[in-house]
Amino acid sequence: MKNRQVVEKGAEEPCRNRSSSSSSTIRDVRYGECQKNHAAKTGGYAVDGCREFMASGEEGTSGALQCAACSCHRNFHRREVVTEVASECSSPSSKAK
């Protein structure tokens with residue numbers, strides 16, 4: 001199954017006729033429940049019940065890829081990507097006479 005990422009845009013585009021606009025995309029990756037099958041060798045199916053990945057060590061170390069709760073590698077946990085698009089608009093400055 002393919003993962004699909006959808007970014008929705010509103011019906012209005014408030015920055016279309018403005019003089020300057022900027023937008024930024026914020027991506028946040030979280031790792032959910034563990035999906036490792038501990039009974040694969042015996043032909044069964046059993047998961048450990050770990051609900052969320054918690055790193056065992058600091059970022060940049062090998063402990064950052066191992067879960068403190070279930071001791072599995074981070075790849076066994078379900079990956080969730082949250083994308084947020086933020087845009088800022090500024091209207092042209094109006095000069096009064």
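Start by selecting Tyr 31, Cys 34, Cys 50, Phe 53, Cys 67, Cys 70 and Cys 72: these seven residues make up the largest nonpolar core. A nonpolar core here is a set of buried Ala, Val, Leu, Ile, Met, Phe, Trp, Tyr and Cys residues joined through side-chain atoms within 4.5 Å. Buried means under 20% relative accessible area, exposed means over 50%, and partly exposed is in between, with a 1.4 Å probe and protein chains only. As a general backdrop, nonpolar side chains in soluble globular proteins tend to be buried together.

Two notes before you click further. You are looking at a predicted model, where local features need pLDDT of at least 70 and side-chain atom pairs count only at pLDDT 80 or more, while totals for chains, interfaces and linings use all residues. Residues are numbered from 1 along each chain as its sequence is written, and side-chain values use heavy atoms, with hydrogens and water left out.

**The whole chain**

Zoom out and switch to cartoon. The protein chain has two strands and zero helices; both kinds of element are DSSP runs numbered from the N terminus, with at least four residues for a helix (H or I) and at least two for a strand (E). Strand E1 covers 20-34 and strand E2 covers residues 77-90. Of the chain's 97 residues, 13% count as buried. Turn on the surface and you have about 8,500 Å² exposed, with carbon and sulfur atoms supplying 45% of it (Shrake-Rupley method, 1.4 Å probe; for residues, only the protein chains shown count as cover). If you draw a contact map (contact meaning heavy atoms within 4.5 Å), 55% of the contacts between residues at least 6 apart in sequence join residues at least 24 apart.

**Back to the core: the rings**

Select Tyr 31 and Phe 53. The structure holds one aromatic pair, and this is where to find that pair: Tyr 31 and Phe 53 sit edge-to-face, 6.0 Å centre to centre with 65° between the planes. Tyr 31 lies in strand E1 and Phe 53 in the loop between E1 and E2, so the pair ties together parts that are 22 residues apart in sequence. For the cut-offs, rings of Phe, Tyr and Trp (its six-membered ring) pair if their centres lie within 6.5 Å, and planes under 30 degrees apart are stacked, over 60 edge-to-face, the rest tilted. Both Tyr 31 and Phe 53 are buried. Show what surrounds Tyr 31, leaving aside neighbours within four places in sequence, and you get Glu 52, Phe 53, Arg 74, His 77, Arg 78 and Arg 79.

**His 77**

Next, pick His 77 from that list; this residue is in strand E2. His 77 counts as buried because its relative accessibility is 4%. Beyond its neighbours within four places in sequence, its contacts include Tyr 31, Cys 34, Cys 50, Phe 53, Cys 67, Cys 70 and Cys 72. Gly 32, Glu 33 and Glu 52 are among its contacts too.

**The loop and another ring**

Step to Ser 71, in the loop between E1 and E2. Check the backbone: Ser 71 has a positive phi of about 65° although it is not a glycine. For reference, most residues other than glycine have a negative phi. Then select Lys 36 and Phe 76: Lys 36 lies over the face of Phe 76, 5.1 Å from the ring centre (NZ of Lys or CZ of Arg within 6 Å of the centre and within 35 degrees of the ring normal).

**Salt bridges**

Colour by charge and look for three salt bridges, each a side-chain nitrogen of Lys or Arg within 4 Å of a carboxyl oxygen of Asp or Glu. Which residues are linked in a network? Select Glu 33, Arg 78 and Glu 80. Arg 78 pairs with Glu 33, the closest N and O atoms being 2.8 Å apart. That pair links distant parts of the chain, with Arg 78 in strand E2 and Glu 33 in strand E1, 45 residues apart. Glu 80 also bridges to Arg 78, again with closest N and O atoms 2.8 Å apart. The remaining stop is Arg 30 with Asp 28, at 3.1 Å between the closest N and O atoms.

**Last stop: Thr 25**

Finish in strand E1 with Thr 25. Is Thr 25 buried or exposed? Thr 25 counts as exposed, at 54% relative accessibility. Not counting residues up to four places away in sequence, Thr 25 touches Thr 83, Glu 84 and Val 85. Draw a distance between the C-alpha atoms of Thr 25 and Thr 83 and you get 6.9 Å, for residues 58 apart along the chain.
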